[in-house]
Amino acid sequence: MDRFFKNLKDQLAGLAPQQPSPEEQLRDQQWAEALSRGALPQFVHQRLADTAAGKVPWISTLRPAELALARSQGIHPLGLVSGTCWFHFGYSWTHGHREGWDLTLSRLAQEARSLGANAVVDVTLKTSRNLGQVDSMDFMAVGTAVRVDGLAPAEEVPIASVPALEFVRLLDLGVLPVGLAVGASYEWLTDWSGRAAGQMTWWNQEAGQLSHFARSVQLRAIEGMRQDAARQGNGVLGSTQFSELLCFEGGEDNPNRYLARHIAVGTAILDGSRTARPSPVGSLGVRPVLDLEDTSPLQRDALQQEPL
Amino acid sequence: MSDQLPAAALERLANLRQSGQHGGIFTSDLTVNEFLLVREVGFEPVGLVLGSCIYHVGIQYGSWSRNQELTVLSEAMYQARELAMARMRQEAQACHADGIVGVRLEVKALEWDKDLLEFMAIGTAVVHREGKEGFKGLQGQPFTSDLSGQDFWTLLQSGYRPLEMVMGSCVYHVAHQGVMRSLGNIGRNVEITQFSQALYDARELAMERMQKEALGAGAEGVTGVVVHERNHNWQPHVIEFFAIGTAVLPIAGDISPALAHPQVVLSVNG
């Protein structure tokens, strides 16, 4: 019975919004103050510094196979780093995407510097609209800050979306991953003629105007990524594309409007870099091996429900 | 209820292969490769172990215009997972296992009641074939890890052993934007720092907690960390950040020669 009343009391207490404790308020202020000057709060840096000094256990997105590289290839995990930025697109979706990612990645780089890292590997990028907002979204990046033996410290910590193993492989071949290259583009098309999606015919044909329109948007995004990569290095690897073509029906008097948008993200590399480690490998030796990677239909994930 | 395993569970476990004895049947959800690798490092699968609980997650509201953690929910999410894990560990202990590999932790919202969540932990209990000591987790309990069979092999070969799955949870209420501020943003490209701050803080808290738990377990590090971000059927502005990974500890002895100079391969499989 006592337990019942205690539970009831807890429940009722939950109904009224809880007042933040003084610590929570202080934490809140520190965040607001730090973000407003483009920095991160002291306690974040403190946790990272403690991690780097070995006072608390390191945390890492790397799997055991990648950890094994710490000994054989000289790549040491220091800690998990992340960055986030919720960005509102007012006048330009394209610029919004650029700035959103730039801010996110600059925060991630700050965390990496705080750990004393000389590279960040295994960076995954995610966006979310969890809060039901239409004209804004969250940009989030998570990766593992590492110290690579023999990699000269750079002013800007290279951020790579490739896993640790591939990072080392590239270094050994004289290629330095330098950062992420992002390109984004969007455009509206108003279908005055009503024929953008093709004329009403019985035969197969290209929807000329629409097809040309979508293509031009895609190409512009890829060109944006190229220019971004050119600032940092001389190539892009592993680029992923996100493309959308939406139709907004105009109704009786108004023409249909189409929205095309495209984002391209990849890892920028500097080929033939002098800062890369001297190559112990030289060239690729191709040899047949038995791979223990699971592609079996028995694999657990195949049947797995939605994860956490 | 959490102290005792149900009779059906005990009966099931009694029919499994026990440590040191080769009779009996083992159950597992290992793939062929995983099975072979687990045996390669001297372990045998004992049985599929699981723990589950259906948890009534209490009610808590955040202030409309304030960023804040909903501690009642954070605790509920953590405790429910801990309960499912503890039950799974108990099953493993009942069949004298050294530990559990390939643990998956799932959360399901139940259709008919949005305050009820089902938590399930499932994995394969393993035991050292020759009864070698020194692989147990905290306080002589079986270790838990979400590592696959391949990961388990590699981890042991590289001189580490899994200790415990560590986790950190933070349920956060993200402040709604005031009308005046929303109007102020029209036509401008700006960061909504209020939102950024909330998500950043929530993730930071979840990771902080996970790291603290690893420190308490005396781990050297945490491998394979994943940070999940989810809204479990809650109001739109409530988000859970959940960090999980396997805490590891170095084992005495040298790294195996196989991994001292691994052959790096380029897969042509694409």
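The largest nonpolar core of this predicted model has 141 residues, and those touching the most other members are A:Ala119, A:Val120, B:Ala206 and B:Ala243. With 10 residues, helix α6 (residues 193–216) of chain B gives the most to this core. Chain A takes part through both of its assigned domains, since at least three core residues come from each of domain 1 (27–172) and domain 2 (183–196 + 205–279). In soluble globular proteins, nonpolar side chains tend to be buried together.

B:Ala243 illustrates the packing in chain B. Leaving aside residues up to four places away in sequence, B:Ala243 touches B:Met167, B:Gly168, B:Ala206, B:Met207, B:Met210, B:Val225 and B:Val227.

The centres of domain 1 and domain 2 of chain A, taken over C-alpha atoms, are 26 Å apart.

Two helices may be set side by side, with the distance between their end C-alpha atoms and the span expected at 1.5 Å a residue.

| Helix | Residues in helix | End-to-end distance | Expected span |
|---|---|---|---|
| α3 (71–94) of chain B | 24 residues | 34 Å | 34 Å |
| α8 (208–232) of chain A | 25 residues | 37 Å | 36 Å |

For α8(A), the distance agrees with the expected span; for α3(B), the distance is close to the expected value. After α3(B) comes B:His96, which has a positive phi near 55 degrees.

Buried positions in α8(A) include A:Ala214, A:Val217, A:Gln218, A:Ala221, A:Gly224 and A:Met225, and also A:Asp228, A:Ala229 and A:Gln232. An α-helix has 3.6 residues a turn, so residues three or four places apart point the same way. The buried residues of α8(A) pack against three strands of chain A: β5 (175–190), β6 (235–248) and β7 (257–271).

Methods:
Residues are numbered from 1 along each chain as its sequence is written. Chains are lettered from A and ligands numbered from 1 in the order in which they are written. This is a predicted model: local features need pLDDT of at least 70, side-chain atom pairs count only at pLDDT 80 or more; totals for chains, interfaces and linings use all residues. A nonpolar core is a set of buried Ala, Val, Leu, Ile, Met, Phe, Trp, Tyr and Cys residues joined through C-beta atoms within 7 Å. A residue is buried if 20 or more other C-beta atoms lie within 10 Å of its own, exposed if 12 or fewer, and partly exposed in between; C-beta atoms are placed from the backbone. Helices (H or I, at least four residues) and strands (E, at least two) are DSSP runs, numbered from the N terminus. Domain bounds come from an automatic or database domain assignment. Two residues are in contact if their C-beta atoms, placed from the backbone, lie within 7 Å. The expected span of a helix is 1.5 Å times one less than its number of residues.
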